[in-house]
Amino acid sequence: MPARAAAGPLAALLLASAALLTACTPPQVERAHARFREPPPRTGDPRGAHPVPQPEPHPVPKPEAVTGFPPSAAVARDRLARLEVAWGRNWQTYRREEFGRTWSDEVDVPGGRNGCDTRDDVLRRDLADLREGDRNPCVVLSGTLDDPYTGKRLPYHYRRASQIETDHVVALGAAWRAGAWAWTPQQRLNYANDLDVLLAVDKQANADKSSKTPDKWQPRQAYHCAYARRWTGIKAKYRLTVTPPEQQALLGMLAECPKEP
């Protein structure tokens, strides 16, 4: 008898608890259930709860040459005459990291904020017979470079070792000595990722050039005019100084340009 009497209150308690759970769902349980429910259809959306199809990604446009860059030979000569002539400074404080540790798309210069890696932008602009990725058109799968520095024809394949490198025409070290030491970090990042400053070139030629100015290194003669025009355009665009020997070398290379009508 005592055991049966005890069962009565326990049964009553269980029944009361069940009734309470049936009448009201605790907020914690409601929130947990909500995680697994379909979201309600948006008001006025005729498609109801059906998933909204995502648009196909637009093809990434191939980077094109910026209008007016590099300048013509006549304009380059005029800009060269206006550049400050001074010897390099603070060469001993240069560090590559001052221009950013990696390529960056977060820049407001040609090639910036287009969703593609800077190096891929250079390859897409400079290679012929270009084959881009199907899923990611930023990625260059293959192509051919007519190297401006040596005249070599160099193949490129995404997953193979390549003789192609991306060169800062006015190298980062040379820019540092010519005034970039005084820039802000963002200005230096802009410079390092500016397509006007960059070319796809032969790996060995890039190593030979290093951070030398045109009085110490020059590409093949057929490219002298284009090289001097681009070099002078970069120096003028970023208001960098030129050394006296550098200025004379550039004048000599610009003198090789065809006469303009």
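How many helices and how many strands does the protein have? In this predicted model, the protein has 9 helices and 5 strands, and these elements follow one another from the N terminus in the order α-α-α-α-β-β-β-β-α-α-β-α-α-α. The protein counts 261 residues, 39% of which are buried, and a whole-structure search finds 2 disulfides as well as 15 salt bridges. The points below take up confidence, overall packing, the disulfides, helix H4, the salt bridges and one loop residue.

**Confidence in the model**

- The mean pLDDT of the protein is 83, with 74% of the residues reaching 70 or more; over residues 1–7, however, the pLDDT is below 50, and this stretch has 0 contacts in the model beyond near neighbours in sequence.
- Residues 62–66 also have a pLDDT under 50, and for this stretch the model has 10 contacts beyond four places in sequence.

**Overall packing and surface**

- Among the contacts with a separation of 6 or more, 67% are between residues 24 or more positions apart in sequence.
- The accessible surface of the protein comes to about 16100 Å², and carbon and sulfur atoms account for 55% of that surface.

**Disulfides**

- Cys116 and Cys138 are joined by a disulfide with an S to S distance of 2.0 Å, and this link is left-handed, with -70 degrees about the S-S bond.
- The Cys116–Cys138 pair links distant parts of the chain, 22 residues apart, since Cys116 is in the loop between helix H3 (73–82) and helix H4 (118–126) while Cys138 is in the loop between strand E1 (128–132) and strand E2 (140–146); both Cys116 and Cys138 are buried.
- A disulfide is also formed by Cys225 and Cys257, whose sulfur atoms are 2.0 Å apart, and this disulfide is right-handed because the torsion about its S-S bond is about 105 degrees.
- The Cys225–Cys257 pair links distant parts of the chain, 32 residues apart, with Cys225 in helix H8 (residues 224–237) and Cys257 in the segment after helix H9 (244–254).
- Cys225 counts as buried at 14% relative accessibility, and Cys257 is buried with a relative accessible area of 7%.
- When the bonded cysteines are numbered in sequence order, the pairing is 1-2, 3-4.

**Helix H4 and its surroundings**

- H4 is mostly covered, with 7 of its 9 residues buried; these are Thr118, Asp120, Asp121, Val122, Leu123, Arg124 and Arg125.
- The buried residues of H4 pack against E1 and E2, and also against strand E3 (153–157), strand E4 (164–168) and strand E5 (198–202).
- At the N-terminal end of H4, Asp117 acts as a cap, with a side-chain oxygen lying 2.8 Å from the backbone nitrogen of Arg119.

**Salt bridges**

- Side chains of opposite charge can pair when their charged atoms come close.
- Arg188 forms a salt bridge with Glu98, in which the closest N and O atoms are 3.3 Å apart; because Arg188 lies in helix H6 (residues 185–192) and Glu98 in the loop between H3 and H4, the pair ties together parts that are 90 residues apart in sequence.
- Arg188 counts as buried at 6% relative accessibility, whereas Glu98 counts as partly exposed at 21%, and a network of salt bridges links Arg95, Glu98 and Arg188.
- Lys209 forms a salt bridge with Asp167, the closest N and O atoms being 3.3 Å apart, and this pair links distant parts of the chain, with Lys209 in helix H7 and Asp167 in strand E4, 42 residues apart.
- Lys209 is buried with a relative accessible area of 0%, and Asp167 counts as buried at 3% relative accessibility.
- Lys235 forms a salt bridge with Glu246, in which the closest N and O atoms are 2.7 Å apart; Lys235 lies in helix H8 and Glu246 in helix H9, so the pair ties together parts that are 11 residues apart in sequence.
- Lys235 is buried, with a relative accessible area of 1%, and Glu246 is buried, also with a relative accessible area of 1%.

**A loop residue**

- Ala222 has its place in the loop between helix H7 (203–209) and H8, where it counts as exposed at 66% relative accessibility.
- Ala222 and Gly151 are 71 residues apart in sequence, while their C-alpha atoms are 8.7 Å apart in space.

Note on methods. Residues numbered from 1 in each chain as written. Predicted model: local features only at pLDDT ≥ 70, side-chain atom pairs only at ≥ 80, totals over all residues. Heavy atoms only, no water. Helix = DSSP H or I, 4+ residues; strand = E, 2+ residues; numbered from the N terminus. Buried < 20%, exposed > 50% of the residue type's maximum accessible area, 1.4 Å probe, protein only. Contact = heavy atoms within 4.5 Å. Areas by Shrake-Rupley, 256 points an atom, 1.4 Å probe, with all protein chains shown as cover. Disulfide = S-S within 2.5 Å. Polar contact = N/O pair within 3.5 Å; in protein donor to acceptor, adjacent residues only side chain to side chain. pLDDT = per-residue confidence, 0-100. Salt bridge = Lys/Arg side-chain N within 4 Å of Asp/Glu carboxyl O.
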